[in-house]
Amino acid sequence: VFSDPEGGQHQLSDWQGKYVLVNFWATWCAPCRKEMPGLDGLQQEFGGDNFEVVTIATGRNTLAGINRFFQEVGVQNLPIFLDPKQKLAREMAVLGLPITVILNPEGQEIGRLRGDAEWDSDSAKAIIAGLLVGADG
């Protein structure tokens, strides 16, 4: 279980039925700052009924700090979710940040990347597009 800024409770199964790219990050994480605009672009391009980018600030991150971070790097399409006690991060064996986990529509982990990535690159977009082929039908 993790939360949104209003205190609402969420779990990854809320997104069952679609591919989910879950990104664990923190405001103090320099590689996170580098990759977040690409994740934002991925959500803008592919987000919808079959795919979602879910960003989860793990550890000590203030809401003001998250909002400032998103504003500074130009994020407009990503949700703010919080895992302040790192419970979900521990359950998912997140060691170090950023960590990105890709879940299939059944909620099973099908990919994991440790460290930052260029999510707005042609190769990253091709991977997501490849997952979504057939997901529309």
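A disulfide is a pair of cysteine sulfur atoms within 2.5 Å. The model on screen is predicted, and the tour starts from its disulfide.

**Stop 1: the disulfide**

Select Cys29 and Cys32. A disulfide joins these two residues, with an S to S distance of 2.3 Å. A search of the whole structure finds one disulfide. Set a torsion about the S-S bond of Cys29 and Cys32: the value is about 80°, so the disulfide is right-handed. Cys29 is buried, as is Cys32.

**Stop 2: helix H1**

Extend the selection to residues 30-46, which form helix H1. How far apart are the end C-alpha atoms of H1? They are 25 Å apart, which agrees with the 24 Å that 17 residues should span at 1.5 Å a residue. Now centre on Met36. A kink of about 35° lies there, shortly before the proline Pro37.

Next, colour the buried residues of H1: Cys32, Glu35, Met36, Gly38, Leu39, Asp40, Leu42, Gln43 and Phe46. To see what the buried residues of H1 pack against, show strand E3 (19-25), strand E4 (51-58), helix H2 (63-73), strand E6 (99-103) and helix H4 (122-132).

**Stop 3: Thr55**

Move to strand E4 and pick Thr55. Is Thr55 buried or exposed? Its relative accessible area is 0%, so Thr55 is buried. Leaving out residues up to four places away in sequence, Thr55 touches Asn23, Trp25, Met36, Phe70, Leu78, Pro79, Ile80 and Phe81. Met36, one of these contacts, is where the kink in H1 lies. Display Pro79 as well: its backbone oxygen lies 2.6 Å from a polar atom of the Thr55 side chain. For orientation, draw a C-alpha to C-alpha distance from Thr55 to Gly96; the two are 41 residues apart in sequence and 15 Å apart in space.

**Stop 4: strand E6 and its partners**

Select E6. Five of the five residues of this strand are buried, so E6 is largely enclosed by the rest of the structure. In a regular strand the side chains alternate between the two faces of the sheet. Turn on the side chains here: Ile99, Val101 and Leu103 point one way from E6, while Thr100 and Ile102 point the other way.

Which strands pair with E6? E3 does so in the antiparallel sense, over five bridges. Pick Val20 to find its bridge partner in E6, Leu103. Strand E7 (residues 109-114) also pairs with E6 in the antiparallel sense, over five bridges. Here Thr100 stands opposite Leu113 in E7. Follow the chain through the hairpin of E6 and E7, which has five residues between the strands; Gly107 takes a positive phi near 85° in this hairpin.

**Stop 5: unusual backbone geometry**

Most residues other than glycine have a negative phi, and most peptide bonds are trans. Three places are worth selecting with that in mind.

- Pro98, in the loop between helix H3 (87-91) and E6: the peptide bond from Leu97 to Pro98 is cis, with omega near -5°.
- Ala93, in the loop between H3 and E6: phi is positive, about 55°, although the residue is not a glycine. At 48% relative accessibility, Ala93 counts as partly exposed.
- Gln86, in the loop between strand E5 (81-83) and H3: phi is positive here too, about 60°, and Gln86 is not a glycine. Its relative accessibility is 35%, so Gln86 counts as partly exposed.

Methods: Residues are numbered from 1 along each chain as its sequence is written. This is a predicted model: local features need pLDDT of at least 70, side-chain atom pairs count only at pLDDT 80 or more; totals for chains, interfaces and linings use all residues. Side-chain values use heavy atoms; hydrogens and water are left out. Buried means under 20% relative accessible area, exposed over 50%, partly exposed in between (1.4 Å probe, protein chains only). Helices (H or I, at least four residues) and strands (E, at least two) are DSSP runs, numbered from the N terminus. The expected span of a helix is 1.5 Å times one less than its number of residues. The bend at a residue is the angle between axes fitted to the seven residues ending there and the seven starting there. Contact means heavy atoms within 4.5 Å. A polar contact is a pair of N or O atoms within 3.5 Å; within protein, one must be able to donate a hydrogen and the other to accept it, and residues adjacent in sequence count only if both atoms are side-chain atoms. Two strands pair if DSSP finds at least two bridges between them.
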